[in-house]
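User: Could you go through a few local features of this model with me? I'd like to start with the contacts of a single side chain.
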Amino acid sequence: GESSEPTCAAYCTAVTANCAGGATQYASAEACLAACNGAALAWGIGTKADQAGNTLGCRQYHAGAAASDAHCLHAGPAGGGVCGSYCDVYCDAALANCTAGNELHADTNACHAACERFPENGAVNDANGNSVQCRIYHVGAAKAAPGDHCSHAGASGANVCGDWCDV
């Protein structure tokens, strides 16, 4: 029978099929699989019944329910404020991917305090601009290249996700 655990394959099939046009969350199914299998944003697995929380299960649920753009945002990498708040997604990934010499925040509380000041006016997968969405993109990319991306995801934005004047 069908697995009760969420899978990247099922999630990416659903989010790619159901979230197209202005609701697109990934450039392609391959890009979705790379992001999901790479766990760059440090999502939990959860269950297919999850309707909230920073989990693959929540994203798979909303991808399957994506008859509207709102569910597509929930199903996307940044969670749309339902499958994790922007700060949940940002902080889980920042604390997992930006460590040692690339550390951005001492702990979850410090991260959330910083994140709450980031504007939420970006778009999913923005690679520049002073927004939490840009910082989420870069903390995800930091899994593979922390030296290149952690600074962009930090409070200053490192002239990529804003600069000190913006902040």
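User: Which residues does His-149 touch, not counting residues up to four places away in sequence?
Analyst: In this predicted model, His-149 touches His-138, Ala-141 and Ala-142, once residues up to four places away in sequence are set aside.

User: And where does His-149 lie, and is it buried or exposed?
Analyst: His-149 lies in helix H8, and it counts as buried because its relative accessibility is 17%, where the cut-off for buried is under 20%.

User: Which residues of H8 are buried, then?
Analyst: In helix H8, which covers residues 146–153, the buried residues are His-149, Cys-150, His-152 and Ala-153. They are on the same side of H8, because the arc they cover around the axis is only 160°.

User: What do those buried residues pack against?
Analyst: The buried residues of H8 pack against two helices, H5 (86–97) and H7 (132–141).

User: Switching to the backbone: what is phi at Asn-125, and where does that residue lie?
Analyst: Phi of Asn-125 is near 70°, a positive value in a residue other than glycine, whereas most residues other than glycine have a negative phi. Asn-125 lies in the loop between helix H6 (108–115) and H7, and with a relative accessible area of 38% it is partly exposed.

User: What about phi of Ala-158?
Analyst: Ala-158 also is a residue other than glycine with a positive phi, here near 50°. Ala-158 is placed in the segment after H8, and its relative accessibility of 29% makes it partly exposed.

Conventions. Residues are numbered from 1 along each chain as its sequence is written. This is a predicted model: local features need pLDDT of at least 70, side-chain atom pairs count only at pLDDT 80 or more; totals for chains, interfaces and linings use all residues. Side-chain values use heavy atoms; hydrogens and water are left out. Buried means under 20% relative accessible area, exposed over 50%, partly exposed in between (1.4 Å probe, protein chains only). Helices (H or I, at least four residues) and strands (E, at least two) are DSSP runs, numbered from the N terminus. The arc is that of the directions from the helix axis to the C-beta atoms. Contact means heavy atoms within 4.5 Å.
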